[in-house]
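User: Hey, got a minute to walk through a model with me? I'd like to poke at the strands, the ligand site and any empty space.
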Amino acid sequence: MTMKPIYVTQPSLPPLDEFIPYLHQIWQNKILTNNGPFHQKFEEELCDYLGVKHISLFTNGTLALVTALQALRITGEVITTPYSFVATAHSLLWNGIKPVFVDIDPDTLNLDSKKIEAAINPNTTAIMPVHCYGRPCDVDAIRRIADNYNLKVIYDAAHAFGVTVDGESVLNHGDLSILSFHATKVFNTFEGGAIVCADAKMKQRIDQLKNFGFVDEVTVVAPGINGKMSEINAAIGLLQLKHIGAALMRRKEIDSLYRSGLKQVKGITCLNDDAHIETNYSYFPILVQQDYSLSRDALYEKLKCNNIYARRYFYPLISDFPVYRGLPSSRPSELPVAQAVSQRVLCLPIYPGMSDSELFNVINVIAG
Ligand SMILES: Cc1ncc(COP(=O)(O)O)c(C=O)c1O
């Protein structure tokens, strides 16, 4: 039995001493929110780091998703994946949009681009795919379909901070991409999120929508929300950026130790690596196959008995929650891959502060 619990993740925090000068500065500025100096600097530095044109910071990823749909005036039906965190589909309901779930690809676990066209009808206005676990969707195929049917594409890139394909940010695909800086993410500002876009006018519209719809002191052009990131969160983000390189390196090491340690374990499979992709190692999902000695849930319980808290991301599927299961596209028979994966998946602990001995402990419990 491990003495210290090992959770699926542990938030990355910069040394507290380094944060104190930022606090002094905020106290001196007396600007706490509304596009203050830290907010502006963080947007600038994030654009540079991520290799994107424009960023609009938000209080969290969910409000960024809700606002992205409003910025593009999306209505009717939107095609999305059932294999995600529930906020993806919730953002559609918050806008009065009907989610249409399409099955996932068995290799990438992302929306299966081959199955999207069959779900398009005259009410379809957009596609909202998710780069699940930070592994890029089939962005080229999705672009082609969207162009053919004149649909918008909003990527839920909550997991995809810093992910590149052939050296280019995955966030540059689609009309808009959304990030989450929640405590559990690779890059956190405690709570936080962002919309990435390529066009200055679009950023201006998004900035208005996240500030109640204000254009100037006396003009409100839309029923915008309060989605503004505070100066404290922006300052933490600026400091986190200084440490993200080391955090990603350690995650990569853990990923590779898991892969070699689990290679020999019969019935445990990892997702494939792709040389074109620089991912962020945000999660370490395994699939517990039929020839493993235990069921997925029995392994989950066994790990728990050893003080190791893996998580079944994503089980249940979004389409199985009561608010969604009445939709025709939620029928399990329509989503066989997502159903099967959701019964087999287990995300193992991965975070920069994880020691080698903790990691080998996890491997040993799985190897039995
Ligand atoms: C895929 C996905 N979309 C959206 C969100 C929502 O982000 P937030 O928690 O920042 O609102 C999360 C995570 O929390 C997520 O994992």
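User: Which residue stands opposite Glu168 in S8?
Analyst: That's Val165. Bear in mind as we go that this is a predicted model.

User: Noted. How many bridges join S7 to S8, and which way do they run?
Analyst: Two bridges link S8 to strand S7, which covers residues 164-165, and the strands run antiparallel.

User: And what sheet do S7 and S8 belong to?
Analyst: They sit in an open sheet of three strands, in the order S8-S7-S14, with antiparallel pairing. Strand S8 (168-169) and strand S14 (277-278) are the edges, each pairing on one side only.

User: OK, switching to the ligand. Which residues come nearest to it?
Analyst: The ligand has 15 residues around it, and the nearest of these are Gly61, Thr62, Asp156, Ser180 and Lys185.

User: What does Gly61 use to reach the ligand, backbone or side chain?
Analyst: Backbone: a polar backbone atom of Gly61 is 2.8 Å from a ligand oxygen. Thr62 works through its side chain instead, with a polar atom 2.6 Å from an oxygen atom of the ligand.

User: What about His159, how far is its side chain from the ligand?
Analyst: A polar side-chain atom of His159 lies 2.8 Å from a ligand oxygen atom. As for burial, the ligand on its own has 380 Å² of accessible area, and the protein covers 92% of that.

User: Which elements give two or more residues to the shell around the ligand?
Analyst: Helix H3 (61-71) and helix H4 (87-93). H3 gives the largest share, with three residues.

User: How does that shell split by class?
Analyst: Nine residues are polar, four are nonpolar and two are charged.

User: Let's do empty space. How many cavities of 30 Å³ or more are there?
Analyst: Two. The largest holds about 40 Å³ of space, and the second largest has a volume of about 30 Å³.

User: How do you even find those?
Analyst: You roll a probe the size of a water molecule over the atoms, and that shows where empty space is left.

User: Fair enough. Which residues line the largest cavity?
Analyst: The lining is made of Ala158, His159, Phe161, Ser180, Lys185, Val186, Phe187, Ser282 and Tyr283. You've met some of those names already: Ser180 and Lys185 are among the residues that come nearest to the ligand, and His159 has that side-chain atom 2.8 Å from a ligand oxygen.

User: What's the class breakdown for that lining?
Analyst: Five nonpolar, three polar and one charged.

User: And the second largest cavity, what lines it?
Analyst: Val139, Ile142, Arg143, Val153, Tyr155, His173 and Gly174. Helix H5 (139-149) and strand S6 (152-156) are the elements that each give two or more residues to that lining. H5 gives the most, with three residues. By class, the lining has four nonpolar, two polar and one charged.

User: Last topic: backbone oddities. Which two residues does the cis peptide bond with omega of about 10 degrees join?
Analyst: Tyr313 and Phe314. Phe314 is in the loop between strand S16 (308-309) and helix H9 (336-344). There's also a cis bond from Tyr315 to Pro316, with omega near -5 degrees. Pro316 lies in the loop between S16 and H9 too.

User: Why flag cis bonds at all?
Analyst: Because most peptide bonds are trans. Along the same lines, most residues other than glycine have a negative phi.

User: So which non-glycine has a positive phi here, and where is it found?
Analyst: Asn35, with a phi of about 60 degrees. Asn35 is found in the loop between helix H1 (16-29) and helix H2 (37-50).

User: Great, thanks!

Note on methods:
Residues numbered from 1 in each chain as written. Predicted model: local features only at pLDDT ≥ 70, side-chain atom pairs only at ≥ 80, totals over all residues. Heavy atoms only, no water. 1 Å grid on protein atoms, 1.4 Å probe; cavity = no way out; pocket = protein on both sides within 12 Å on 5 of 7 lines; lining within 4 Å. Points joined across faces, edges and corners; volume = space filled by probe spheres on them. Nonpolar A, V, L, I, M, F, W, Y, C, P; charged D, E, K, R; others polar. Helix = DSSP H or I, 4+ residues; strand = E, 2+ residues; numbered from the N terminus. Near = heavy atom within 4 Å. Polar contact = N/O pair within 3.5 Å; in protein donor to acceptor, adjacent residues only side chain to side chain. Areas by Shrake-Rupley, 256 points an atom, 1.4 Å probe, with all protein chains shown as cover. Pairing = 2+ DSSP bridges.
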